[in-house]
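Hi,

Here is the structure I said I would pass on. Have a look at it first, and then read my notes underneath.

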Amino acid sequence: MRRNWPYVAVTAVVTVVTALWALPHLGNAAPSTRVWVEGDDLLGVSLATHLDPLAAQVLLLAVGVGLLVQVYSTAYLANHPRYRSYAMIIVLFLLGMIAVVAADDLFVLLIGWEVMGLCSYLLIGHEWETPLARAGAAKAFLMTRVADLGLLVAILVIGQTYGTYRISEVLAQEPKNATAIGLLVLVAVIGKSAQFPLHTWLPDAMPGPTPITALIHAATMVAAGVYLVARLLPILSASTLVMILLAVVAAITMLLGAVFALSQNDLKRALAWSTVSQLAFMFAALATGDADAGTNHLLSHGAFKALLFLGCGCLMHAVGSSALSATGGLRQRLPVTFWTMTIGYAALAGVVPTVGFFTKDGVLEALRRSGAGEGSLPSGWAYTVLVVALLTSLLTAMYATRLWLTTFFGESSEGLEAPATMTGPLVLLAAATLALSIGQPFHLGMGALSTAISAAGIGLVIRRWRGLGHAEFLVPMLPVERRLDLPYTSWLPALVGMSGRAVVNLDRDGVDAYPRAWATLAERASQALGLVQTRNAQRYATVIAAGVTVLAGAAVIWT
């Protein structure tokens with residue numbers, strides 16, 4: 001394991017440098033923009049950075065979780081033959097995230113965005129020997145790359161509309177062409193953040209190493225879409241259509257994700273669907289025009305969901321599987337994992353005093369205010385999404401409690417606590433989940449309602465557990481989950497195959513028909529001319545004499 005620590009040192013250097021850069025911009029610090037290389041000096045792309053309190057917080061979250069994941073991985077993948085490439089890809093991934101967060105030029109942001117996509121493909125497919133890892137990596141790569149076309153076109157439209165690709169200069173102008181730009185950006189973030197209908201890649205990315213799920217699916221890549229919307233919100237919120245569409249997508253996704261999380265029998269897939277649902281909460285807040293509510297939940301979710309994913313890795317280290325059937329009664333054998341994950345599940349369920357309670361309260365309050373006419377989302381839409389969000393809060397409390405009871409209570413499973421290099425990051429993330437609640441805004445009425453709903457969900461599951469001895473809510477959702485995936489696993493491949501065959505047929509029977517016809521004509525002419533090429537001098541002389549005779553006769557007749 002010692003040979004793995006140099007990579008931790010590299011990540012630590014990146015973390016320290018980034019922290020020293022970001023810390024002065026926390027709080028009420030004024031935004032800072034710095035141009036390192038002017039656009040005229042480098043292919044028209046300016047190497048410029050922009051830091052404000054939001055960017056500084058996201059940077060600290062990303063590099064902090066990245067460093068903890070590297071420390072965790074020294075034990076989790078201690079003897080893996082490809083650990084070196086794994087660790088260096090994580091470093092490259094973090095650099096891509098830093099570029100997305102801090103870039104002021106949209107093309108530099110796009111480069112970081114694509115670097116993250118490539119690294120996620122490599123990390124999800126790290127165990128490429130298994131078919132599930134290869135399929136999950138390819139699916140994530142293809143779905144997010146197709147969606148990224150929306151970002152590329154959006155950047156071109158922004159440049160054409162505003163005359164610059166610098167985000168700070170764009171936001172300094174009055175919003176223009178907001179609907180077209182907003183719709184294109186939504187295509188990109190729906191794919192990047194796994195929202196309906198491009199949501200199915202994230203649960204299928206679970207065959208990747210568990211520490212990577214904590215990094216990609218909690219603190220960095222999937223959060224990049226939320227961050228991009230928050231950063232461009234002054235433009236997007238100028239279009240009511242874009243805000244309504246974002247709210248509709250968020251409402252559908254949060255409810256679907258919560259229902260699927262409740263019905264899973266695998267802990268990692270349940271947490272993946274939970275991530276899909278919680279990201280939708282952030283987008284719902286952004287749809288009201290409240291960037292603070294959405295990004296606060298982004299930061300808190302990054303902490304407690306990374307905690308839960310890493311805790312899942314400790315459970316897998318103990319029992320060798322993420323299947324819920326392999327766990328049970330582990331609270332005494334894994335005390336550190338039990339108490340830290342308890343804090344994480346409490347934050348997910350929105351229990352006081354964890355940060356998850358306060359930031360979820362902020363999202364619900366943003367929807368209520370927008371319903372009262374104080375946001376960019378029309379009142380009817382805001383109240384509809386609020387009802388869906390409250391129902392999702394109930395389901396979230398239910399599946400969080402179910403996972404907690406199924407994992408740590410009931411019949412005891414065999415297993416030992418993970419080493420300190422794995423449990424240490426859990427303790428730090430659990431402390432952050434509690435500490436981040438300090439200074440968070442609180443709304444009494446919405447907080448009381450949210451608490452009552454969470455308590456009802458928790459109580460329902462506990463009652464079922466005590467009465468039946470289990471907390472299974474395996475409603476027949478697997479067929480629905482598979483049907484929602486059919487467009488990408490069956491219909492789209494079939495359509496692409498049919499289109500490919502049609503193109504081949506058109507090329508063969510249509511386009512290629514003309515050159516093949518000329519080739520055939522030339523071949524026949526060559527064969528005809530070849531008939532007179534007999535290599536017989538006497539025949540050549542006879543033909544020449546006959547030709548001369550014919551020509552002489554013709555000349556006599558015409559004269």
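Below is what turned up when I went through the side chains. One thing to keep in mind is that this is a predicted model.

**Salt bridges**

The count comes to 11 salt bridges. One of them joins Arg231 to Asp104, with the closest N and O atoms 4.0 Å apart. Arg231 belongs to helix α9 (residues 221-231), while Asp104 is in the loop between α3 and α4 (106-124), so this pair ties together parts that are 127 residues apart in sequence. Are these two partners buried or exposed? Arg231 counts as buried at 9% relative accessibility, and Asp104 counts as buried too, at 0%. The pair also belongs to a network of salt bridges that links Asp104, Arg166, Glu169 and Arg231.

Two other bridges sit within single helices. In the one between Arg145 and Asp148, the closest N and O atoms are 2.5 Å apart. These residues are three apart in helix α5, so about one helical turn separates Arg145 from Asp148. Arg145 and Asp148 are both buried.

The other is between Arg368 and Glu365, whose side chains meet at 2.7 Å, N to O. Both lie in helix α15 (residues 355-371), again three residues apart, or about one turn of the helix. Here the burial is mixed: Arg368 is partly exposed at 33% relative accessibility, whereas Glu365 is buried, with a relative accessible area of 7%.

**Charges over rings**

Arg145 comes up again here, as its charged end sits over the ring of Phe141, 5.1 Å from the ring centre. So Arg145 has a salt bridge with Asp148 as well as a place over the Phe141 ring. You can also find the charged end of Arg34 over the ring of Trp36, 3.9 Å from its centre.

**Aromatic pairs**

How many aromatic pairs does a search of the whole structure find? The search gives 14. One of the pairs is Tyr7 with Tyr83, which is edge-to-face, at 5.9 Å centre to centre and 70° between the planes. Tyr7 lies in helix α1 (residues 5-22) and Tyr83 in helix α3 (residues 83-102), so the pair ties together parts that are 76 residues apart in sequence. Both rings belong to buried residues: Tyr7 has a relative accessible area of 16%, and Tyr83 has 1%.

Phe357 and Phe358 make another edge-to-face pair, because their ring planes are at 80°, with the centres 5.0 Å apart. Phe357 and Phe358 are buried as well.

If you want to see several rings together, go to Phe338, Trp339, Trp404, Phe408 and Phe409, which ring pairs link into a cluster.

**A nonpolar patch on the surface**

Last, back to the outside. Which residues form a nonpolar patch on the surface? They are Leu149, Leu152, Val153 and Leu156, and together they have about 320 Å² of accessible area. Leu152 is in helix α5 (residues 131-162), the helix that also holds Arg145 and Asp148. With 33% relative accessibility, Leu152 counts as partly exposed.

If you open the model, I would begin with helix α5, then go on to the Arg231 and Asp104 pair.

Cheers

Conventions. Residues numbered from 1 in each chain as written. Heavy atoms only, no water. Patch = residues over 30% accessible without salt bridge, like charges linked within 9 Å, V, L, I, M, F, W, Y side chains within 5 Å. Areas by Shrake-Rupley, 256 points an atom, 1.4 Å probe, with all protein chains shown as cover. Helix = DSSP H or I, 4+ residues; strand = E, 2+ residues; numbered from the N terminus. Buried < 20%, exposed > 50% of the residue type's maximum accessible area, 1.4 Å probe, protein only. Phe/Tyr/Trp six-rings, centres within 6.5 Å; stacked < 30°, edge-to-face > 60°. Lys NZ or Arg CZ within 6 Å of the ring centre and 35° of its normal.
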